[in-house]
Amino acid sequence: MKHIYLSGPIDQAKPEHLSFYEQLTDSLIDCGYAVCNPYSESKNLDFSDKNIAKIIYSQDVKAFKSADLFLCYVGFPSSGTGAELAMVINNYKMDVIAYYEQGSKVSYFIKGMLESKKKKIIEISGLNEAGINELLEVI
């Protein structure tokens, strides 16, 4: 079974992004993939814990190190997402697919990093069922 780690902005994400992550997770599971979605898993964390940043970092690194595919939303800037992406591309041998929806402005640095490492970056039509189907076609 292929293990997929979903990466994407959480703290600054709009509700439609978070909803898309959940719908994408459900679709991937329905297709037989094991999925780690940090947004879903963060709902069970105690954000009043003074060590929450270290906890999140440790959990996320452990999860993406064991993934076969790193699926990353890059449609708007996020320092956490960029850090995860850079760590994965430079330190681990796994497939990487970055995606964004039409009309989004992808960071030139992120796009350049993906292209220089010959990783996939695709534009989907939107954060909807059609976008999910477009991603499923390339996974």
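Contact here means heavy atoms within 4.5 Å of each other. This is a predicted model, in which local features need pLDDT of at least 70 and side-chain atom pairs count only at pLDDT 80 or more, while totals for chains, interfaces and linings use all residues. Residues are numbered from 1 along each chain as its sequence is written, and side-chain values use heavy atoms, with hydrogens and water left out.

**Stop 1: Ser104**

Select Ser104, in the loop between strand 4 and helix 5 (108-116). Helices (H or I, at least four residues) and strands (E, at least two) are DSSP runs, numbered from the N terminus. Setting aside neighbours within four places in sequence, Ser104 is in contact with Tyr73 and Gly75. Now add Glu101: its side chain makes a polar contact with the side chain of Ser104, at 3.0 Å. A polar contact is a pair of N or O atoms within 3.5 Å; within protein, one must be able to donate a hydrogen and the other to accept it, and residues adjacent in sequence count only if both atoms are side-chain atoms.

**Stop 2: aromatic pairs**

Next, show the aromatic rings. A search of the whole structure finds eight aromatic pairs. Rings of Phe, Tyr and Trp (its six-membered ring) pair if their centres lie within 6.5 Å; planes under 30 degrees apart count as stacked, over 60 as edge-to-face and the rest as tilted.

Select Tyr5 and Phe64, an edge-to-face pair with 5.5 Å centre to centre and 80° between the planes. Tyr5 lies in strand 1 (residues 3-7) and Phe64 in helix 3 (residues 52-65), so the pair ties together parts that are 59 residues apart in sequence. Tyr5 and Phe64 are buried, where buried means under 20% relative accessible area, exposed over 50%, and partly exposed in between (1.4 Å probe, protein chains only).

Move to Phe20 and Tyr99, a tilted pair at 6.1 Å centre to centre with 50° between the planes. Phe20 is in helix 1 (residues 15-30) and Tyr99 in strand 4 (residues 95-101), 79 residues apart. Phe20 and Tyr99 are both buried. Adding Tyr21, Tyr73 and Phe76 to the selection of Phe20 and Tyr99 shows one aromatic cluster.

**Stop 3: nonpolar cores**

A nonpolar core is a set of buried Ala, Val, Leu, Ile, Met, Phe, Trp, Tyr and Cys residues joined through side-chain atoms within 4.5 Å. The largest has 21 residues, and those with the most contacts inside it are Ile4, Leu24, Leu28, Leu71, Tyr99, Leu135 and Ile139. At least two residues of this core come from each of strand 1, helix 1, strand 3 (69-73), strand 4, strand 5 (120-124) and helix 6 (129-138). Helix 1 gives the largest share, five residues.

Select Leu135 and look around it: not counting residues up to four places away in sequence, Leu135 touches Phe20, Leu24, Leu71, Tyr99, Ile122 and Ile124. Apart from the largest core lies another, of 20 residues, including Tyr5, Ala98, Tyr100 and Val106.

**Stop 4: Ile29**

Ile29 is also in helix 1. Ile29 is partly exposed, with a relative accessible area of 46%. The C-alpha atoms of Ile29 and Ile4, 25 residues apart along the chain, are separated by 9.7 Å.

**Stop 5: the cysteines**

How many disulfides does the structure hold? It holds zero, a disulfide being a pair of cysteine sulfur atoms within 2.5 Å. Select Cys36 and Cys72: the sulfur of Cys36 is 13 Å from its closest cysteine sulfur, in Cys72, too far for a bond. Cys36 is buried, with a relative accessible area of 14%. Cys72 is buried, with a relative accessible area of 0%.
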